[in-house]
Amino acid sequence: MSKEIKRPLSNKERINLPHQIMPLRQAWERVNNFAEVPLGYSDEQAVAEAQRCLQCRKPHCVEACPVGIDIPGFIKLIEQGDPAAAASKIRETNFLPAACGRVCPQDKQCQAVCVVGRKNLPVGIGSLERYAADYEREHHTLTPPAIAPSTGKRVAIIGSGPAGLSAAYELRVKGHEVVVFEAFHRAGGVMVYGIPRFRLPLEIIDEDIAYLESLGVQFVYNMVIGNILTLDDLLEQEGFDAVFIGTGAGLPNMLTIPGTNANGVYSANEYLTRINLMEADKFPEYSTPLFQGKKVAVIGAGNTAMDVLRTAKRLGSEVTCYYRRSENEAPARSEELEHAKEEFINWRWLSNPVEFIVDENNFVKQIKCEKMVLSEPDESGRRSPQPTGEFFVEDCDTVVMSLGCSVNPIIPSTDKEVRINKWGVIMVDVETCQTSKKGVFAGGDAITGGSTVILAMGQAKTAAAAIDKYLRGELREDPRVPTDPNFYVKDWQLNNGHAKNGKQKKVTA
Amino acid sequence: MTERIEHIVKHIHFDSEEEVAKALDHAGQLQDLTYEEKNDLAAAFSIIFYHHDHAGITAMGKLAIRAEHLIAGFGCDVVPFLLGELINADSESAAYLGKAIALNPCPNVDALLQAWEENWDDDFAGINIIQTLSYFKDPDVVKAIPQILVACKSANFQVRAMGLYTIGKLALRLDPGVFSEELLLSMFDTVFTMLADSKPLVRKNAARSLGKMQKRGLLTDKQRLQVLAAFKAILGTDGQHNWDRAFIVRHEAEHFLPLFSSRPAMGDRYRQSFKILAKKELCEKTFHFVIEAPMIARKLKAGQFIIVRPHDHSERIPLSLCGWDVDRGTIEIIVNTVGKTSAEINALQVGDRFIDIVGPLGQRSHVQAYPDTCVVIGGGYGTGAIIPTAKDLKALGNKVIGIVGARSKDLLLMTQELAAVCDEVMITTNDGSAGIEGFVTDALQQVVLREDVSYVLAVGPVPMMQAVSKLTEPLAITTYVSLNAIMVDGTGMCGACRVSVGGKTRFACFHGPDFNGHEVDFEQLMKRQKMFVKEEREALYSVEA
Ligand SMILES: Cc1cc2nc3c(=O)[nH]c(=O)nc-3n(C[C@H](O)[C@H](O)[C@H](O)COP(=O)(O)OP(=O)(O)OC[C@H]3O[C@@H](n4cnc5c(N)ncnc54)[C@H](O)[C@@H]3O)c2cc1C
Ligand SMILES: Cc1cc2nc3c(=O)[nH]c(=O)nc-3n(C[C@H](O)[C@H](O)[C@H](O)COP(=O)(O)OP(=O)(O)OC[C@H]3O[C@@H](n4cnc5c(N)ncnc54)[C@H](O)[C@@H]3O)c2cc1C
Ligand code: SF4
Ligand code: FES
């Protein structure tokens, strides 16, 4: 497959090469099953796409990557026909390349700043990452890293989402004994119970877990830390030298309107968990039930909402999305919105739900919305939805609210030394991810109130580096953990561990 | 000798620490020293190293250490001089000279090795050089290790002992990453063989080096076991009772032994078997189980619950506890068959295992010392669920009355166990086949008429909890009900368990399960419990079919 490139292409030639479009499963086919939608690049396509990269000397894309992957470096290896080496290159900085290639919001990170994007479509960095990672998995080219000799130190990781998994990896490689405690009976966090299979096949996560186990990371399931063991238990009685909290943001926000507690009204977490984790779609072979109506109303237009819309469609329902702003303001990743739009979903933009109307058995039967209009942009350029006093009612028998999450209170409520802000988000020193409790670090959605897989991983890496220092007695003693309960980090677009106070929108907490 | 050096050297008198200190201060301030000046100063100050009278006099000892640092700071220029001195030094001065070499920023491992080569036959020079190597922090010193290993086999036992000592020091001090696998293997082989040396000092140093290597995680598991066996032999605890005669060797082995004993992987401590140790039929379709779950048992508090999955494809269902035993590491549950998953559980036998049990979940019951009587009311599995709370209330000195309700006599369960933790138990049956004919509320009515009640807890079917709350509300008696909402995760993640309490949405799994009965919206709870009736029936048929 390795293609001999006769004469090096000039930058101008590279810029003008066409973007390789990743083939997709046809919409009419995919709404009938949970198979993955994008099919991946062929070898030829990957090389052709890799040729579009200019190998910038000061690559903007690397700066825009929360973990600072050597993007031109791995793309060059793909261009040279060595995807296995490309995968190893990515693994130097990113422990979950197959997952990130699929779910990262590249359109808001590396691809948004790619130089080629100024004249043409940006280089398909995500697709290339996915290609390299898939090649590595399918051809078993992964060589495990050298593990440093045992340091005799023990670290407890709480939660097995992307944050917990990357912290576990980083610390294990440095020779520490690592035990991951997970509340569920399965590892992966949102990647298994939230993100649906057609975006992120389960085998990928399972292989990453098996890989970690092969490196000596120990997983213990069914452990709700805070309840079965407190942080003090871990540090004082169980002999752990440090703790990393990666418990995510699993406390669903609900509308407080009449009918919120009606039967058939779910949070996105419950709906997706029943299907993804408990496999309710295979009911009754799997025993977990799901009341899946004929007409599903989904509230919200973020990534999670897109996942719910597309999942409900695959279960054979007529699906409608209700969102109080317009399509332009929809926070979903653009590719997800595009894919959802191809999948025969109804859209009700500028529609604010005000009531779920129920029948005599408390089952929801209709949704009542108020029509909204957008105001003129304010100073920040944001247009807010304004009520019009006009209402409409539509039939539905299932409602899924997808309004984001807050941070789960179990750990902070069982340990008062871990300081949280008024939204319940765990506060940390942004440079080291240390919490206000000695020996306890945190990362991921637990410290942001909800963000992305890659940012969770970036914070986990920062925390892991700090934990390693801490265990060697080299970390400065006084973490700068904010004390103001109104504090939130405006912009966790950190690169190599440093949060920049930028203009990004506020963390929804 | 230049004038400024001469001026300093004049001050070095061994009867006055002050003078020497002054000389050191002075020398430390000099700038732009020439090669000659450095060597002159080194020669002058190194005399302090030989001045053995200061043994025990800490002030002069400290000055010697300062001199050591000063000379080390002169860098490469003074290394040949120091090496020359080292070769002939006595052991005490050799320590200072050695540190001046080891602390010297000049990359001098090669020079040292060369000096060793040239004086290979001089064992005393060899000892001084090996000792010097033990002070190095520069990772470059690894390249001296093969030579040190050769020295460990010297005919002179003092050379052997010093060699082993140094291996241990370097193993501990250097970053584990600098040792190649091959090198580690020969280090282990050499040191391990020396455990059988004829000289106690050598055996002792070998044992100590192995201890240090293990401490840094440099040994493989197989090597660890080899050393473990050897140390046991040294201590005579291997069954042979042929311990090492030398105390110093035994002492070393004893000190390091714990490092070699196998350490079970940390994670294994937390794996519970969830094995069923006992099963008993309490009444039709209702079984009592004793399950092995030591971690959960240790943390449970009255009122908390667990979530279980009997099999891989099962639903997660919440269950209350009717007891637990911290010492035996067991928990006890009562399961009433109502649908597919409860039926699957009741089909399990002694020796079977649950695939998952998670807990404890939820908050503790509101247990405290109340001014007046406490009443705990149970129906069905609830009779078991109120036992831990009754026990806690009793332990705090409360008067506790238990009320149990069932349709008829043969559906009563756990009444004796409840009686054991209550002052009085009242039984009600709908058909009058035992106790008071009627409902639990009839018994509660009798109690509130005859005495003051400050706390009521009701666990059981929703209509029962609702009726109890209705009765106590006008009397303003604090009343809690344990809400058995439908759940998924049990940690607050999904919101399936939401209930309306006092007009607010609450998560039964996290905020509850006990809530103020006067504020609960029971109608909504009952309807929400019927959310999956159609699907559940389908599931049940699929098991029966
Ligand atoms: C439906 C959905 C779609 C998404 N799509 C995308 C996407 O396309 N791209 C993207 O980048 N991001 C996406 N996200 C966001 C992304 O998944 C999260 O930002 C990321 O998973 C956060 O990782 P984490 O490790 O912090 O937490 P999580 O992934 O939430 O993992 C936390 C883990 O901790 C466990 N836990 C919680 N409490 C305890 C406790 N007390 N004891 C023990 N274990 C505990 C949980 O069970 C869980 O397994 C999506 C999120 C959702 C919900
Ligand atoms: C905190 C808590 C503690 C509990 N303790 C116990 C206990 O100690 N022993 C015990 O046997 N049961 C207990 N339950 C109830 C138990 O969880 C349900 O009976 C179980 O979920 C039924 O599962 P299934 O698959 O067997 O039946 P399904 O097929 O799911 O349901 C069968 C019938 O039971 C009803 N049902 C479903 N879920 C519940 C529920 N959560 N509560 C009441 N009825 C329900 C349904 O309406 C349906 O008609 C408890 C519930 C909670 C929330
Ligand atoms: S910015 Fe674009 S062109 Fe430049 S190195 Fe990154 S991917 Fe290649
Ligand atoms: S069971 Fe999921 S939030 Fe309570």
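**Entry 1: ligand 2, polar contacts**

I started at ligand 2 and found a backbone N or O atom of B:A485 3.3 Å from one of its nitrogen atoms. A note to self before going on: this is a predicted model. Next I looked at B:S320, where a polar side-chain atom lies 2.8 Å from a nitrogen atom of ligand 2. I then checked B:I334, and here a polar backbone atom is 2.7 Å from a nitrogen atom of the ligand. How much of ligand 2 does the protein bury? Taken alone the ligand exposes 850 Å², and the protein buries 88% of that.

**Entry 2: the shell around ligand 2**

I listed the surroundings and got 22 residues, the closest being B:P318, B:S320, B:I334, B:S342 and B:Q529. Two of these names were already in my notes for polar contacts: B:S320 through its side chain and B:I334 through its backbone.

Which element gives the largest share of this shell? I found that it is β4(B), with four residues. At least two residues each come from β4 (317-320), β6 (330-336) and α16 (340-346) of chain B. By class I noted 12 nonpolar, seven polar and three charged residues.

**Entry 3: the three-stranded sheet in chain B**

Since β4(B) supplies shell residues, I followed it into its sheet. I found an open sheet of three strands in the order β4-β3-β7 of chain B, with antiparallel pairing. β4 and β7 of chain B are the edge strands, and each pairs on one side only. From one strand to the next the twist averages 30 degrees.

I looked more closely at the pairing of β3 (residues 305-309) with β7 in chain B and found four bridges, with the strands antiparallel. For B:I307 the bridge partner in β7(B) is B:V358. I also wrote down B:R309, which stands opposite B:D356 in β7(B).

Is β7 of chain B mostly covered or mostly open? It is mostly covered: I counted six of the six residues in this strand (residues 356-361) as buried.

**Entry 4: the four-stranded sheet in chain B**

I did the same for β6(B), which also supplies shell residues for ligand 2. This strand sits in an open sheet of four strands, ordered β1-β2-β6-β5 in chain B and paired antiparallel. Why do β1 and β5 of chain B each have a side without a neighbour in the sheet? β1 (276-283) and β5 (323-325) stand at the edges with a single partner strand each, so one side of each is left free of a neighbour there. Ignoring direction, I get an average turn of 20 degrees between neighbouring strands of this sheet.

On the β1 side I found six bridges from β1(B) to β2(B) (residues 286-292), again antiparallel. Here B:K280 stands opposite B:H288 in β2(B).

**Entry 5: one residue of β6(B)**

I picked B:V335, which has its place in strand β6 of chain B. Is B:V335 buried or exposed? Its relative accessibility is 1%, under the 20% limit, so B:V335 counts as buried. I also took the distance to B:G438, 103 residues away in sequence: the two C-alpha atoms are 24 Å apart in space.

**Entry 6: ligand 1**

Over to chain A. How many residues surround ligand 1? I found 34, the closest being A:V103, A:A163, A:E182, A:R199 and A:D445.

For polar contacts I began with A:R199, where an N or O atom of the side chain is 2.7 Å from an oxygen atom of ligand 1. At A:I225 a backbone N or O atom lies 2.9 Å from a nitrogen atom of the ligand. A polar backbone atom of A:V453 is 2.9 Å from an oxygen atom of ligand 1. The ligand exposes 1,000 Å² when taken alone, of which the protein buries 94%.

I noted that α10 (162-173), α11 (190-193), α15 (303-314) and α19 (453-471) of chain A each give at least two residues to the shell. By class the shell of ligand 1 splits into 18 nonpolar, 12 polar and four charged residues.

**Entry 7: ligand 3**

Last lookup of the day. The residues I found around ligand 3 are A:C53, A:L54, A:C56, A:P59, A:C61, A:P72, A:C114, A:V115, A:V116 and A:I125. Sorted by class, this shell has 10 nonpolar residues, no polar ones and no charged ones.

Conventions
Residues are numbered from 1 along each chain as its sequence is written. Chains are lettered from A and ligands numbered from 1 in the order in which they are written. This is a predicted model: local features need pLDDT of at least 70, side-chain atom pairs count only at pLDDT 80 or more; totals for chains, interfaces and linings use all residues. Side-chain values use heavy atoms; hydrogens and water are left out. Buried means under 20% relative accessible area, exposed over 50%, partly exposed in between (1.4 Å probe, protein chains only). Two strands pair if DSSP finds at least two bridges between them. Axes are lines fitted to C-alpha atoms, for helices over the stretch in contact, and angles run from 0 to 180 degrees between N-to-C directions. A residue is near a molecule or strand if one of its heavy atoms lies within 4 Å of it. A polar contact is a pair of N or O atoms within 3.5 Å; within protein, one must be able to donate a hydrogen and the other to accept it, and residues adjacent in sequence count only if both atoms are side-chain atoms. Accessible areas come from the Shrake-Rupley method with a 1.4 Å probe; for residues, only the protein chains shown count as cover. Ala, Val, Leu, Ile, Met, Phe, Trp, Tyr, Cys and Pro count as nonpolar, Asp, Glu, Lys and Arg as charged, and the others, Gly among them, as polar.
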